[in-house]
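Hi,

Here is the structure I promised to pass on to you. Have a look at it first, and then read on for what turned up.

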Amino acid sequence: MNTTPSGPVPAGSTRGTALAAAVAAVCLLASGCSGSGGSDAGSDADAAGRASAGIKVALITHGAPNDAFWELVKKGAQAAAAKDGIALTYESNPDSKSQADLVREAIADRVDGIAVTLAKPEAMKSAVAAARAAGIPVVGLNSGIDAWKSGGLLQYFGQDESVAGQAVGDKLDALRAKHALCVIHERGNVAVEARCAGVKKTFAGRTEMHYVDGTDMDAVTDSVAAALRQDRTIDEVVMNGAEFALAAVKSVKKAGSKAEVATFDLNKDLVKAVRSGDVQFAVDQQPYLQGYLAVDAFWLYKTNGNFSGGGEEPVLTGPAFVTKQNVTAVSKFAANGTR
């Protein structure tokens with residue numbers, strides 16, 4: 001694993017209370033947030049710069065290559081690394097054993113911090129323990145909200161997928177849906193499974209789980225279309241990724257169904273689909289923000305000993321609903337490739 005300094009990326013929308021807290025911490029560290037400034041403020045800033053110089057961080061996810069969602073996570077991480085002077089590497093592998101091997105490679109490279117997703121926590125357990133044994137702090141993001149504390153991670157940044165799923169169930173009730181097909185594209189992924197379980201928990205109508213092979217988008221389209229043809233009572237298709245939602249739009253048309261499509265996660269093409277009405281709504285967990293906060297956490301920890309959430313509670317980045325009514329406000333950021 002070669003560690004190289006990350007380059008600057010376009011600024012995006014990294015809003016949220018957790019980020020506001022991070023900015024406040026930087027302000028306190030650099031200038032005391034006073035109007036006086038002076039040589040003391042400059043000395044503090046210089047000290048922080050020296051403390052962060054040479055920090056190497058590895059971001060290791062379960063994302064598939066060239067996946068639009070994980071590109072957003074990566075961009076956020078690169079923006080934080082560029083700001084903080086951190087040397088960042090990004091590696092990913094959807095196979096949990098291979099992902100764990102990437103963590104071990106980062107340990108061998110003697111990085112100063114590892115940010116990792118825990119889509120399959122048990123498979124990552126020994127690798128994370130090895131990092132801790134080597135004295136390397138580990139933070140979690142995106143997946144594993146129920147496993148990060150027991151795994152000994154320092155902090156966690158992401159969405160509570162169960163809460164997000166329950167919010168979708170409530171929304172479907174408000175929209176008077178009766179029969180939802182919740183499509184799971186990766187069996188055993190704790191985040192995706194928790195979403196659909198959350199939908200089922202609060203949705204008053206019928207929730208049917210439907211498993212597909214997420215590595216083959218044509219197969220996803222055909223499988224969902226077949227399910228819609230077989231049961232014409234399905235009036236809502238809930239997907240677990242922007243690209244899968246766009247595939248489901250094709251499925252609905254292919255099956256001649258009147259079902260609506262809703263989804264978790266967002267990208268610029270999905271924004272267009274929400275605006276046109278092809279997709280009813282999206283749940284945005286703000287992946288750019290997840291990547292940004294996970295990397296910035298190491299700068300704050302190194303320079304000021306900070307723990308977001310006090311090391312006890314996760315920092316939530318979602319859920320936020322994007323609908324036809326508010327999509328315009330998000331679209332300009334999506335066009336920048338940061339939402």
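Let me start with M239, bearing in mind that this is a predicted model. Setting aside neighbours within four places in sequence, M239 is in contact with V183, V220, V224, F244, A245, A248, V261, A262, T263 and F264. M239 also belongs to the largest nonpolar core, a set of 32 residues, and is listed there with V224, L228, V237, V261 and L270 as having the most contacts inside it. Two or more residues of this core come from each of β6 (179-184), α8 (217-230), β8 (236-239), α9 (242-255), α10 (268-276) and α12 (327-335). With eight residues, α9 gives the most. Another core, of 29 residues, lies apart from that one, and I86, A294, A297 and V315 are among its members. As background, nonpolar side chains tend to be buried together in soluble globular proteins.

Next, the pockets. The largest pocket holds about 600 Å³ of space. Its lining is made up of 31 residues, and A64, D67, H185, E186 and F244 are the closest to the centre. F244 will be familiar from the contacts of M239. The elements that give two or more residues to this lining are α3 (68-84), α7 (190-202) and α9. Sorted by class, the lining of the largest pocket has 10 nonpolar, 13 polar and eight charged residues.

The second largest pocket has about 180 Å³ of space. It is lined by L118, P121, E122, M124, K125, V128, A129, R132, A147, S150, G151 and L153. By class, that lining has seven nonpolar, two polar and three charged residues.

One charged residue deserves a look too. Is D284 buried or exposed? D284 counts as buried because its relative accessibility is 1%, and the cut-off for buried is under 20%. D284 sits in strand β10, which covers residues 281-284. What does its side chain reach? One partner is the backbone nitrogen of Q286, at 2.9 Å. The D284 side chain also makes a polar contact with the side chain of R339, at 2.6 Å. Beyond its neighbours within four places in sequence, D284 is in contact with Q159, L266, T317, G318, P319, A320, V322 and R339.

If you open the model yourself, M239, the two pockets and D284 are the places I have described here.

Best wishes

Technical notes:
Residues are numbered from 1 along each chain as its sequence is written. This is a predicted model: local features need pLDDT of at least 70, side-chain atom pairs count only at pLDDT 80 or more; totals for chains, interfaces and linings use all residues. Side-chain values use heavy atoms; hydrogens and water are left out. A nonpolar core is a set of buried Ala, Val, Leu, Ile, Met, Phe, Trp, Tyr and Cys residues joined through side-chain atoms within 4.5 Å. Buried means under 20% relative accessible area, exposed over 50%, partly exposed in between (1.4 Å probe, protein chains only). Helices (H or I, at least four residues) and strands (E, at least two) are DSSP runs, numbered from the N terminus. Contact means heavy atoms within 4.5 Å. On a 1 Å grid over the protein atoms alone, a cavity is a set of points where a 1.4 Å probe fits but cannot get out, and a pocket is an open set with protein on both sides within 12 Å along at least five of seven lines; lining residues have an atom within 4 Å of a point. Grid points are joined across faces, edges and corners, and a volume is the space filled by probe spheres set on the points. Ala, Val, Leu, Ile, Met, Phe, Trp, Tyr, Cys and Pro count as nonpolar, Asp, Glu, Lys and Arg as charged, and the others, Gly among them, as polar. A polar contact is a pair of N or O atoms within 3.5 Å; within protein, one must be able to donate a hydrogen and the other to accept it, and residues adjacent in sequence count only if both atoms are side-chain atoms.
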